[in-house]
Amino acid sequence: MIFQRALRREMASAAGATFTVLFSISVTWTLIGVLGKAAGGKAASGDVIALIAFAVLNYLPTLVILTSFISVLMVVTRTYRDSEMVVWFASGMSLLRWIRPVLTFGLPLVLITAGLSFVATPWAKQKSLEYVERFEKREDLQKVSPGQFKESAAANRIFFVEGVAGKSAVVQNVFVNTTDARGDAVIVAREGVINTGPKGERYLVLKNGRRYQGTPGKADFQTMEFDSYSMRVTQQTQDLESDHEAVALPTMDLLKQTGSVARAELLWRIAQPLTCLVLILLAVPLGFVNPRAGSSANLIIALLVFFSYSNFVKLVEASVKQGKGSFGMSWWPLHLAAVLVVCGLFAWRLNLNHRYHPLALLAAYKRSRNKKD
């Protein structure tokens, strides 16, 4: 019991350090991506913090899975490297005795992964989509950031605003380049504001400016000064309460869906906690290392196993999404195969000294070659 408590404390310490590193990397990566979208006019600058939080919440299931896998693997590898496992086996203890403390440590992480996968991540994706849709449905002029050129949704106008007057909707020093059947027209104005008509239509009202139509130097070139000039602003008519994608649907609503996309998303959510549980158990036999050799190879192998497992889950999900496989016959075979691999590795480690073990056969072969030489 003393050894098991010490083992759980060590795994918890390793998990804390591993999660801190992975979380810092994911936050930095997400921050770069969201700031790039905000700078490119694809997201509102005021929504940056919320979008970062939602994106990080989407990554949390993967981070928890990888943290649990690496932390157990690091502890098992250290016991082999420090020859503690030799003492363990010499005391008549089996490798199977590691399963209980590892599960005691790992089951809370499996439950956290399930909660994130079934509840928190869909909610974060739904809120993120709402923020993006709300920004996309703003009028063209309201999307413009001061000092940046912005193309309209209809791709027939380019706006430039030098500044915004306080917190109001009034913009200063406006430049608008419009392309229509009559050619290009350039409008510059000292200020502009968006007004709503009696039927809800939206107009951009420019004040104290000039309008240039045609090509300079030709007979059709026109210039006009105005005190007030109104133009219709393109406004998207889609309803903000449109149906969200399957990835953003709550799990209870997803269970009611029968489409292939919804079934594939449900398969992915189920796979998250199952992957966490299988990888935690896989780390015990996979943590074997020769005390005289380095332990970095185990970590590289662990990363390859993790990404391979995730990619196989993605392949199965894509198969269901494309209608090539049914949900009932797709969600469990991969995990069953992984469990069989775990059982095989445990059996391999438990029978390490058997004369027909591959390592024993290899050692016998080397001894025979040395005798012949």
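Here is a friendly chat about a predicted model of one protein.

Reader: Hi! How many helices and strands are there in the protein?
Author: Hello! The protein has 10 helices and six strands. Keep in mind that this is a predicted model.

Reader: Noted. And what share of the residues is buried?
Author: Of the 373 residues, 37% are buried.

Reader: What about the area that the protein exposes?
Author: That comes to about 21300 Å², and carbon and sulfur atoms supply 61% of it.

Reader: Let's go inside. Which residues touch the most other members of the largest nonpolar core?
Author: Those are Val72 and Trp98, in a core of 49 residues. Several helices each supply at least two residues of this core, among them α1 (2–39), α4 (99–136) and α7 (260–286). The helix that gives the most is α2, with 15 residues.

Reader: Which residues is Val72 in contact with, if I skip its neighbours within four places in sequence?
Author: Val72 then has Met11, Val102, Phe105, Ile280, Ala283 and Val284 as its contacts.

Reader: And what does the second, separate core include?
Author: The second core has 11 residues, including Phe159, Ala189, Leu204 and Met231.

Reader: Why might nonpolar side chains be found together like that?
Author: As a general tendency, nonpolar side chains in soluble globular proteins are buried together.

Reader: Now the outside. Which residues make the nonpolar surface patch?
Author: Met329, Trp331, Trp332, Leu336 and Leu340 make it, and the patch covers about 520 Å².

Reader: Where is Met329 found?
Author: Met329 sits in the loop between α8 and α9.

Reader: Is Met329 buried or exposed?
Author: Met329 counts as exposed, because its relative accessible area is 56% and the cut-off for exposed is over 50%.

Reader: Different topic: how many disulfides are there?
Author: The count is zero disulfides.

Reader: Okay, cysteines then. Is Cys276 buried or exposed?
Author: Cys276 is buried, since its relative accessible area is 0%. Cys343, on the other hand, is partly exposed at 44% relative accessibility.

Reader: I clicked on Thr121. Where does it lie, and what does it touch?
Author: Thr121 is part of helix α4. Leaving out residues up to four places away in sequence, Thr121 touches Leu57, Asn58, Pro61 and Leu116. At 8% relative accessibility, Thr121 is a buried residue.

Reader: There's also Thr178. Which strand does Thr178 lie in?
Author: Thr178 belongs to strand β3 (residues 171–180). With 12% relative accessibility, Thr178 is buried.

Reader: What separates the C-alpha atoms of Thr178 and Ile158?
Author: Those two C-alpha atoms are 6.7 Å apart, while the residues themselves are 20 residues apart along the chain.

Reader: What about contacts in general: how many join residues at least 24 apart?
Author: Among the contacts between residues at least 6 apart in sequence, that share is 58%.

Reader: Last thing, backbone angles. What is phi of Ser83?
Author: Phi of Ser83 is near 65°, which is a positive value in a residue other than glycine. Ser83 is in the loop between α2 and α3, and at 34% relative accessibility Ser83 is partly exposed.

Reader: And what is phi of Asn208?
Author: Asn208 is not a glycine, yet its phi is positive too, at about 55°. Asn208 is in strand β5 (residues 202–213) and is partly exposed, at 44% relative accessibility.

Reader: Thanks, that gives me places to look!
Author: You're welcome, enjoy exploring!

Conventions. Residues numbered from 1 in each chain as written. Predicted model: local features only at pLDDT ≥ 70, side-chain atom pairs only at ≥ 80, totals over all residues. Heavy atoms only, no water. Disulfide = S-S within 2.5 Å. Buried < 20%, exposed > 50% of the residue type's maximum accessible area, 1.4 Å probe, protein only. Core = buried A, V, L, I, M, F, W, Y, C linked by side-chain atoms within 4.5 Å. Helix = DSSP H or I, 4+ residues; strand = E, 2+ residues; numbered from the N terminus. Contact = heavy atoms within 4.5 Å. Patch = residues over 30% accessible without salt bridge, like charges linked within 9 Å, V, L, I, M, F, W, Y side chains within 5 Å. Areas by Shrake-Rupley, 256 points an atom, 1.4 Å probe, with all protein chains shown as cover. Salt bridge = Lys/Arg side-chain N within 4 Å of Asp/Glu carboxyl O.
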